[in-house]
Amino acid sequence: MAKTKPGKKDLDSYAIKGTNKVVRPGDCVLMRPSDSDKPPYVARVEKIEADHRNNVKVRVRWYYRPEESIGGRRQFHGAKELFLSDHYDVQSAHTIEGKCIVHTFKNYTKLENVGAEDYFCRFEYKAATGGFTPDRVAVYCKCEMPYNPDDLMVQCEGCKDWFHPSCMEMTIEEAKILDHFLCSDCTSEDDAKRSMNTFPVSASLEPKVREFMFMPLVPSSFTCNTKLQSIIPCLQWNQSVERDNPIMVMRNEECREDTVLARQGKKKREGYLS
């Protein structure tokens, strides 16, 4: 009678080789790609297990960077922003390089100093379809874009909305030295010419009613109201038409390639060391 192959056993922790750091289920980790020019992958450890030969593997749930998503990186994405995906894998624990912290968006904006190990997440991402949860967020400023925590913003003392200095025809240096600020909608033309500006910390942004909306792929003839602007994965604004009637257009070859990858399933971690 053949012997039963010993099963796997769950581990409570794993010590990262060459460090004094210990990883436990629920921790976020940096995982080594095969290409040294690429940044490390970020994942959340769901489970740690060892086989009968004491080979340790981790079941992880991947975080995607904006540039790894179907829609790509956009203006409002922060440099340290990640999307928690529905993409799970089992990987060798030896590829874990270190630990990191993925903050909530609110907690990240409260950080006094952002370290190399600090990231934030405000969306969950469906890797196969390019869908986001939530599918809409508050927008600010004349440009009606979601808040990027890397960008400086000033608050109008009248309407309480937040504005990018560049959208108000100011430099960042000018915005930093203002004592009071009123947007053009909250002041007369004469008042707008005065040097008035208060500069509160942009991290305390209050949500506005306007929203930025994520939607599924649609035909290129789709139009939408700018007061509830829509962003479509693999689509971009056609800047040659009037702002009040923007037309979403496909990014041709890049879009087709991304769509094929999406239909084939979750994005591969190309060259990843198992």
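Select D10 first, and then E49: D10 stands opposite E49, which belongs to strand β5. The model in your viewer is a predicted one, in which local features need pLDDT of at least 70 and side-chain atom pairs count only at pLDDT 80 or more, whereas totals for chains, interfaces and linings use all residues. Residues are numbered from 1 along each chain as its sequence is written, and side-chain values use heavy atoms, with hydrogens and water left out.

Now widen the selection to strand β1, residues 9–10, which pairs with β5 in the antiparallel sense over 2 bridges. Two strands are said to pair if DSSP finds at least two bridges between them; the strands themselves (E, at least two residues) and the helices (H or I, at least four) are DSSP runs, numbered from the N terminus.

Next, colour the whole of β5, residues 41–50. Because 7 of its 10 residues are buried, strand β5 is largely enclosed by the rest of the structure. Here buried means under 20% relative accessible area, exposed means over 50%, and partly exposed is in between, with a 1.4 Å probe and protein chains only.

Which other strands pair with β5? Add β4, residues 28–31, which pairs with β5 in the antiparallel sense over 4 bridges; within this pairing you can pick V29, whose bridge partner in β5 is A43. Then add β6, residues 56–64, which runs antiparallel to β5 and is joined to it by 8 bridges, and select I48 together with V58, its bridge partner in β6. Between the strands of the β5 and β6 hairpin there are 5 residues, and in this hairpin N54 takes a positive phi near 65°.

From here, move along the chain to T133 and P134, where the peptide bond from T133 to P134 is cis, with omega near -5°. P134 is placed in the loop between β10 (131–133) and β11 (136–138).

The last two stops are backbone angles. Select C141, in the loop between β11 and β12 (154–155), and look at its phi, which is positive at about 70° although C141 is not a glycine. Is C141 buried or exposed? C141 is buried, with a relative accessible area of 2%.

Finally, select E169, in the loop between β13 (162–163) and α2 (172–176). The phi of E169 is near 60°, a positive value in a residue other than glycine, and E169 is exposed, with a relative accessible area of 77%.
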